[in-house]
Amino acid sequence: MDAISLHVLTGDGPVLEQTVEAVNLPTAFGSIGVLKGHAPMLCNLEEGVLRCRSSQGTLRLFIGSGIASVEHNEVNVLVSAASLLEE
Amino acid sequence: MANLRAIRMRIKSVESTRQITKSMKMVAAAKLRKTQSASSRQRSFAGKAAQILQSLGASAGDNPYCRRRAESKKVCYVLLVGNRGLCGTYNHSLLRFFEELRSGEERESLLYVLGRWGRDQITGAERRFEISDAPTAEEARELTETLKKLYTDGAADEIVLVYQQFKSVLSQSPGTKTLLPLRLPEGGEKGDVILEPDEKSVLDRLVELVLQNTVHSVLLEGRTGEHAARMTAMTSASDNTEELIAELTLELNHARQAAITTEISEIVGGAAAI
């Protein structure tokens, strides 16, 4: 089921590289869900929590503002800062 | 005998110099590795951002950072020097390059200095900033904000970064990069992409990201060059101490031999006199 390759990058290096099933991106107008086969998209991200669901469970990352690009089941998240939130 | 002691003392002092230069070399090598790997991580980030910008294929529009001003009267130079000395000609050649650049500049110019070395060596700077040995994205972001503000306030119509470009570990050469106004890549093909919330905001965000990346990559490149220059300088300094020690040891042996010979001939002479 995991079909989306998610890359969360900051200027200091990658924070997360994983194949996931769904990604939830925080934007200024609420969160946007991305599933397999999503149309190409560029969106501005605001500070908030990014969620991604994979077969291994759900991960949450706190991210700073930035930008995300979705294309061909690849999600690139470029942000000023990111850190994994522990459960 | 006094001569012998003097030579021994010199050897000792050269040996302690060697110890210092050797450890400075190791420290520089470790820092070089650190900045180099940070550099490559930063490049992959900047590459992605540039790729997205290209795919957006946007025209500069009325983005305040891309628009060229009708008149460019004031230029701000941002000079990135090292944090310390003892790195060969790294700082001096950059300073010489900058002075030539500034004397050939007809517009009014401002000077911002980055790096601790510049604190004592460079006069006439409007502002000074401390940049760590391995600059982080956060440091780059803060500096970018300051420079952006300078540009939008109209205190400068052009911002130029002056730094040592990293060619290889053995060679760096002074160069410039214009930060603002930003030149967008041309010939991008605009695909069928959803833009959230709209094209202008996405472009604004991307421009911000690109500016930050430019500053961060320049900071990293400059620092990588500094560590490389220091490592090279300290390697040759260590080699020189080895040579000096060999010469001094030879001199010491000569002097010792001469002393022994004199002593023997004195004894022989004394015995013959009796």
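Leaving aside its neighbours within four places in sequence, which residues is A:Ser69 in contact with? In this predicted model, A:Ser69 is in contact with A:Met41, A:Leu42, A:Glu74, A:Val75, A:Asn76 and, from the other chain, B:Ile52. The residue belongs to strand S8 of chain A, which covers residues 66-71, and A:Ser69 counts as buried because its relative accessible area is 9%, under the limit of 20%.

**Strands of chain A**

A second buried position is A:Val79, which has its place in strand S9 (residues 74-79) of chain A and a relative accessibility of 0%. Not counting residues up to four places away in sequence, A:Val79 touches A:Val8, A:Leu9, A:Thr10 and A:Gly11, together with A:Leu45, A:Ile63, A:Gly64, A:Ser65 and A:Gly66, and B:Phe45 from chain B is also on the list. The C-alpha atom of A:Val79 is separated by 22 Å from that of A:Lys36, a residue 43 residues apart from A:Val79 along the chain.

Strand S1 of chain A, made of residues 4-10, has six of its seven residues buried, so it is largely enclosed by the rest of the structure. S1(A) forms a hairpin with S2(A), with two residues between them, and S1(A) is also joined to S9(A), the two running parallel. The table sets out these pairings of chain A beside one that crosses to chain B, where strand S5 of chain A (residues 41-45) meets S6(B).

| Strand pair | Bridges | Direction | Bridge partners |
|---|---|---|---|
| S1(A) and S2(A) | seven bridges | antiparallel | A:Ile4 and A:Val20 |
| S1(A) and S9(A) | five bridges | parallel | A:Val8 and A:Val77 |
| S5(A) and S6(B) | three bridges | parallel | A:Met41 and B:Ile194 |

A:Met41 thus appears in two settings, as a residue in contact with A:Ser69 and as the bridge partner of B:Ile194 in S6(B).

**Where the two chains meet**

The size of an interface is often given as the accessible area lost when the parts come together. Between chain B and chain A the buried area is about 2000 Å², and carbon and sulfur atoms give 67% of this area. Of the area that chain B buries against chain A, 32% is supplied by B:Phe45, B:Lys48 and B:Arg205, which is more than any other three residues supply. B:Phe45 is also among the residues touched by A:Val79. The contact takes 25 residues from chain A and 22 residues from chain B.

How many salt bridges are counted between chain B and chain A? The count is one salt bridge, and A:Glu46 forms a salt bridge with B:Arg205 in which the closest N and O atoms are 2.9 Å apart. Across the interface of the two chains there are also 11 residue pairs in polar contact, with both residues at pLDDT 80 or more.

On the side of chain B that touches chain A, at least two residues each come from helix H1 (2-56), helix H4 (137-152), strand S6 (194-196) and helix H5 (199-273) of chain B. H1(B) gives the most to this side of chain B, with seven residues. Sorted by class, the side of chain B that touches chain A has 12 nonpolar residues, six charged residues and four polar residues.

Conventions:
Residues numbered from 1 in each chain as written. Chains lettered and ligands numbered in written order. Predicted model: local features only at pLDDT ≥ 70, side-chain atom pairs only at ≥ 80, totals over all residues. Heavy atoms only, no water. Helix = DSSP H or I, 4+ residues; strand = E, 2+ residues; numbered from the N terminus. Buried < 20%, exposed > 50% of the residue type's maximum accessible area, 1.4 Å probe, protein only. Contact = heavy atoms within 4.5 Å. Buried area = accessible area lost by both parts, 1.4 Å probe. Salt bridge = Lys/Arg side-chain N within 4 Å of Asp/Glu carboxyl O. Polar contact = N/O pair within 3.5 Å; in protein donor to acceptor, adjacent residues only side chain to side chain. Nonpolar A, V, L, I, M, F, W, Y, C, P; charged D, E, K, R; others polar. Pairing = 2+ DSSP bridges.
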